[in-house]
Amino acid sequence: CSRKLAAEPKFLPAHLMLVNLSEQSGEFNKALTHIDLCLENVPQDSPQWLDFSNRKANILMQAYIKTADANYLKQAISQLETNLKQRQNDETMMNNLAYLLADNDLELDKAVAYARRAHQKLPGNPVFLDTYAYALCKAGQYAQAEQYMRRVIVSYERTNTTPPWDVYKHLGMALKGLNKNKDALAAVEKAAELGRDIPEKEKTYLDKTIQSLK
């Protein structure tokens, strides 16, 4: 790749290969350098630019998860907001941005607004409704969050599908906020039962919450 780029600095396949290799080795700053070069070399109004921009946001999130450096998180949010300006009606982008904001307790009013718009565009999507309920919960609107979370669970059960573990985590958060500690404990214990392969950070949160509710 380096030899190819020395001869042809704008050769996108080589830059993308180096993005992949850098991500795999955890060298996220190097990956960002190459994805930025990709962005510079395609028109900003092209679908390819948007794909590269989404890729950059994903790299920034990986860097944030690895380092806990808030600068990476802020850049990821900024990148996603830039992307949403290009596709203002993209419900998946709205949902992803809403979840990222809510999960990190940032601009919760904006998180609720994005999540509401995504849910309204696809009201039958339980993933989007889960995000909306989670954002409401983080914003302290626990009663409405509980109502929506129970609708999420019913939606999964109608298709004979087990809800993801974090659905019960979010329900537990809402119930705890309403001081319904017995029901909250049951929900969080269900989350722990379903989330056997979740990140250690999430396991720690569930364990601590269970102990606090007993």
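## Two pockets in a predicted model

A pocket here is an open set of grid points with protein on both sides within 12 Å along at least five of seven lines, and a residue lines a pocket when one of its atoms is within 4 Å of a point. With that in hand, welcome to this structure, which is a predicted model.

Let's begin with the second largest pocket, which holds about 200 Å³ of space. Its lining is made up of Ala57, Asn58, Met61, Ile65, Leu80, Asn96, Tyr99 and Leu100. Two elements, H4 and H6, each give two or more residues to this lining. H4 supplies the largest share, with 4 residues. By character, the lining has 6 nonpolar and 2 polar residues, with no charged ones.

## The largest pocket

The largest pocket offers about 560 Å³ of space. Sixteen is the count to look for around it: 16 residues form the lining, and Tyr64, Asp103, Asn104, Lys201 and Glu202 are the ones nearest the centre. Helices H4 (47-67), H6 (91-103), H8 (126-138), H10 (165-177) and H12 (200-213) each contribute two or more residues.

What kinds of residue line this pocket? The lining of the largest pocket divides into 10 nonpolar, 1 polar and 5 charged residues.

## Helix H4

You have now met H4 at both pockets, among the elements lining the largest and the second largest. H4 has 21 residues, which at 1.5 Å a residue should span 30 Å, and its end C-alpha atoms are indeed 30 Å apart, so the two values agree.

Which residues of H4 are buried? They are Trp49, Leu50, Phe52, Ser53, Lys56, Ala57, Ile59, Leu60, Met61 and Ala63. The cover over these buried residues includes helix H2 (12-24), helix H3 (28-40), helix H5 (70-86) and H6. Ala57 and Met61 also appear in the lining of the second largest pocket.

## Helix H6

H6 is the other helix to follow. For its 13 residues, 1.5 Å a residue gives an expected span of 18 Å, and the end C-alpha atoms are 18 Å apart, so expectation and model agree.

The buried residues of H6 are Met93, Met94, Asn95, Leu97, Ala98, Leu100, Leu101 and Ala102. They pack against H4, H5, helix H7 (108-121) and H8. Leu100 has a place in the lining of the second largest pocket as well.

## The nonpolar core

In soluble globular proteins, nonpolar side chains tend to be buried together. Here, the largest nonpolar core has 65 residues, and the members that touch the most others are Ile35, Phe52, Ile59, Leu97 and Tyr132. Phe52 and Ile59 are among the buried residues of H4, while Leu97 is one of those in H6.

What does Leu97 touch? Leaving aside residues up to four places away in sequence, Leu97 is in contact with Ile77, Leu80, Glu81, Leu84 and Tyr114. Leu80 is also one of the residues lining the second largest pocket.

## Two loop residues to notice

Most residues other than glycine have a negative phi. Ala68 is not a glycine, yet has a positive phi of about 60°. Ala68 follows H4 and lies in the loop between H4 and H5. Is Ala68 buried or exposed? Its relative accessibility is 58%, and exposed means over 50%, so Ala68 counts as exposed.

Glu107 also has a positive phi, about 45°, without being a glycine. Its place is the loop between H6 and H7. With a relative accessible area of 45%, Glu107 is partly exposed.

Notes: Residues numbered from 1 in each chain as written. Predicted model: local features only at pLDDT ≥ 70, side-chain atom pairs only at ≥ 80, totals over all residues. Heavy atoms only, no water. Core = buried A, V, L, I, M, F, W, Y, C linked by side-chain atoms within 4.5 Å. Buried < 20%, exposed > 50% of the residue type's maximum accessible area, 1.4 Å probe, protein only. Contact = heavy atoms within 4.5 Å. 1 Å grid on protein atoms, 1.4 Å probe; cavity = no way out; pocket = protein on both sides within 12 Å on 5 of 7 lines; lining within 4 Å. Points joined across faces, edges and corners; volume = space filled by probe spheres on them. Nonpolar A, V, L, I, M, F, W, Y, C, P; charged D, E, K, R; others polar. Expected span 1.5 Å × (residues − 1).
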